[in-house]
Amino acid sequence: MASAPFKKILIANRGEIALRIICACKDLGIPTVAVYSEADRHSLPVRFADQAVCIGPAKSARSYLDIPSIISAAEITNVDAIHPGYGFLSENAGFAEVCEMSGIKFIGPKPGVIASMGIKERARAIMKDYGVPILPGSEGVLQSPEEAIETAAKIGFPVILKASAGGGGRGMRVCWNAEELPGLLNQAQQEAGAAFSSADVYLEKFIQAPRHIEFQLLADEHGNVEILGERECSIQRRHQKLLEESPSPALRPEVRNRVSEKLKEAIKAIGYSNAGTVEFLMDENGDLYFIEVNARIQVEHPVTEAVTGIDLVKSQIRIAMGETLPEILGGPVQFYGHAIECRINAENPVTFAPSPGRITGLNLPGGNGIRVDTHAYQDGVIPPYYDSLVAKLIAHGKDRDEAIARMKRALDLFVVEGIHTSIPLHKRILNEPDFVAGTFDTNFIKRWM
Ligand code: MV4
């Protein structure tokens with residue numbers, strides 16, 4: 001079914017995910033091109049890609065976000081595809097379109113689909129149309145303070161105002177009564193207009209102590225869709241996830257099955273292709289409500305890989321080459337055991353302040369059930385310009401208890417010297433009774449600190 005296998009792939013990213021994509025390409029026998037900023041000249045992706053091109057100075061705006069520089073690098077190295085990783089240009093519909101116009105395959109959904117999923121209020125309306133549960137809220141964008149008050153009165157306070165072009169927690173306002181609603185709506189619209197070039201705001205019932213649960217999907221370019229279970233992502237601080245696991249300890253099988261079936265239909269109808277994540281909030285009754293679609297591979301994808309045995313990045317590339325899901329998966333998706341990921345960040349474990357610098361000592365754990373995805377090496381430098389992710393530590397076991405035990409063992413053997421990391425924080429989380437019991441929500445870290 002493959003239209004034409006790729007002869008060379010450019011990776012428009014850095015750090016651990018660039019290395020992860022290089023590994024998938026090596027597994028497929030496809031040569032790679034790394035692009036790098038001046039700050040990443042001595043990084044492992046540069047070393048392990050077949051070719052490497054410097055695309056500009058350290059600042060992302062002039063390197064990893066610089067579309068003309070990346071397209072130039074792709075043209076001089078004669079690649080036939082670009083993998084954007086996560087962050088940077090991964091959900092930039094304009095970039096996907098420029099790739100397409102330059103005859104380079106963008107490894108991700110079609111530009112029009114990326115654009116429509118980026119309009120959160122539109123994604124919400126589409127999901128509703130296909131029977132995916134959404135929270136009660138406004139029908140589309142709010143047109144006036146009066147409409148906001150009327151809608152909020154109908155569904156009941158508290159409500160949350162969200163920027164339609166926002167996402168990931170930016171441009172939101174929680175509102176507790178009708179008196180403060182017009183002022184908060186105005187603030188939300190101002191902020192959205194300044195930050196996202198669209199002042200569109202919508203409204204939803206506010207869930208005060210939700211769990212964050214997201215479904216992984218793969219869709220080929222021939223209309224086949226598979227849902228690869230969910231990830232529990234409630235352990236986070238200020239919208240930065242710290243620890244993720246699969247399956248969720250809180251999701252009832254009946255809810256998982258019902259939502260998966262609805263999602264499959266919606267994703268088909270949207271014409272979504274490649275890998276994607278659909279985010280939900282779980283309320284205190286254990287019910288799920290759609291919030292947004294992430295049209296990219298995510299940081300926490302390895303926990304899904306662990307429990308399904310499916311290589312998601314390899315699947316992304318094969319989908320982009322025109323292969324079908326039945327060819328790629330080779331049978332029904334099967335789930336085994338439980339997986340947990342700890343994000344090891346270069347940061348102070350108490351203040352969370354970034355802690356860039358040189359790694360003077362390093363011991364990476366291994367052993368049964370342990371995976372480490374990292375671009376870190378002895379004497380390597382974590383630059384201050386980008387996110388602070390140093391490594392992802394993934395533990396897999398037959399059940400949640402075994403995964404936790406293996407994670408604790410691996411954290412004990414994980415040594416990073418020269419910079420501060422979140423390793424001590426993870427050791428503490430893994431010993432918290434609420435974490436061990438699986439009884440936590442998105443306020444876990446805030447409540448605990
Ligand atoms: C919400 C919510 C409560 N009620 N929507 C934050 C990120 C963005 N993707 C959606 N977010 C939220 N939306 C309603 N109707 C609470 C959050 C939220 C949150 C969600 C997931 C994980 C962490 C969070 C932390 C604070 C707020």
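**Close-up 1. Strand β6 and its partner β8, in a predicted model.** Let's start with a pair of strands: β6, which covers residues 159–167, lines up with β8 in the antiparallel sense, and 5 bridges connect the two. To find your place along this pairing, look for Ala163, which sits opposite Val201 in β8. The pair belongs to an open sheet of 3 strands, ordered β7-β6-β8, with antiparallel pairing. Which strands stand at the edges? They are β7 (170–175) and β8 (201–205); each has a single partner strand, so one side of each is left without a neighbour in the sheet. Going from one strand to the next, the twist averages 25°.

**Close-up 2. The ligand and the residues around it.** Here we look at the ligand, which has 18 residues around it. Which of them come nearest? That would be Lys162, Glu204, Lys205, Ile207 and Glu292. Two of these names come up again when you look at the ligand's nitrogen atoms. A polar side-chain atom of Glu204 is 2.9 Å from a nitrogen atom of the ligand. For Ile207, it's a backbone N or O atom that lies 2.9 Å from a nitrogen atom of the ligand. Glu279 joins in as well, with a polar side-chain atom 3.4 Å from a nitrogen atom of the ligand. How much of the ligand does the protein bury? Taken alone, the ligand exposes 530 Å², and the protein buries 89% of that.

**Close-up 3. What the shell around the ligand is made of.** Sorted by class, the shell has 7 nonpolar, 6 polar and 5 charged residues. Several strands contribute to it: β6, β8, β12 (274–282) and β13 (288–294) each supply at least two residues. You've already met β6 and β8 as an antiparallel pair, while β12 turns up again in the next two views.

**Close-up 4. Strand β9, covered on both faces.** How many residues of β9 (residues 211–219) are buried? The count is 9 of the 9, so this strand is largely enclosed by the rest of the structure. In a regular strand, side chains alternate between the two faces of the sheet. One side of β9 has Arg211, Ile213, Phe215, Leu217 and Ala219, the other has His212, Glu214, Gln216 and Leu218, and all of them are buried. As for neighbours, β9 pairs with β12 in the antiparallel sense over 9 bridges, and Arg211 stands opposite Met282 in β12. β9 also pairs with β10, again in the antiparallel sense, this time over 6 bridges. In that pairing, Ala219 has Val225 in β10 as its bridge partner. β9 and β10 make a hairpin with 5 residues between the strands, where Gly223 takes a positive phi near 95°.

**Close-up 5. Thr277 and its contact with Arg231.** Is Thr277 buried or exposed? This residue of strand β12 is buried, with a relative accessible area of 0%. Its side chain makes a polar contact with the side chain of Arg231, at 3.1 Å.

**Close-up 6. Strand β11 between its pairings with β10 and β14.** Strand β11 (residues 240–246) has 6 of its 7 residues buried, so the rest of the structure largely encloses it. Strand β10 (residues 225–237) runs antiparallel to β11 and is joined to it by 4 bridges; a handy marker here is Gln236, opposite Lys241 in β11. The two strands form a hairpin with 2 residues between them, and Arg238 in the turn has a positive phi of about 50°. β11 also pairs with strand β14 (residues 338–345), in the antiparallel sense and over 4 bridges. There, Ser246 stands opposite Ala339 in β14.

**Close-up 7. Helix α10 and the glycine after it.** Now for a helix: α10 (residues 301–308) is mostly covered, with 7 of its 8 residues buried. Those buried residues are His301, Pro302, Val303, Thr304, Glu305, Val307 and Thr308. Next along the chain comes Gly309, which has a positive phi near 75°.

**Close-up 8. Ile76, an exposed residue in helix α3.** Ile76 is part of α3 (residues 67–77). This residue counts as exposed because its relative accessible area is 68%, and the cut-off for exposed is over 50%. How far apart are the C-alpha atoms of Ile76 and Val53? The separation is 9.4 Å, for two residues that are 23 residues apart along the chain.

How values were computed. Residues are numbered from 1 along each chain as its sequence is written. This is a predicted model: local features need pLDDT of at least 70, side-chain atom pairs count only at pLDDT 80 or more; totals for chains, interfaces and linings use all residues. Side-chain values use heavy atoms; hydrogens and water are left out. Two strands pair if DSSP finds at least two bridges between them. Axes are lines fitted to C-alpha atoms, for helices over the stretch in contact, and angles run from 0 to 180 degrees between N-to-C directions. Buried means under 20% relative accessible area, exposed over 50%, partly exposed in between (1.4 Å probe, protein chains only). A residue is near a molecule or strand if one of its heavy atoms lies within 4 Å of it. A polar contact is a pair of N or O atoms within 3.5 Å; within protein, one must be able to donate a hydrogen and the other to accept it, and residues adjacent in sequence count only if both atoms are side-chain atoms. Accessible areas come from the Shrake-Rupley method with a 1.4 Å probe; for residues, only the protein chains shown count as cover. Ala, Val, Leu, Ile, Met, Phe, Trp, Tyr, Cys and Pro count as nonpolar, Asp, Glu, Lys and Arg as charged, and the others, Gly among them, as polar.
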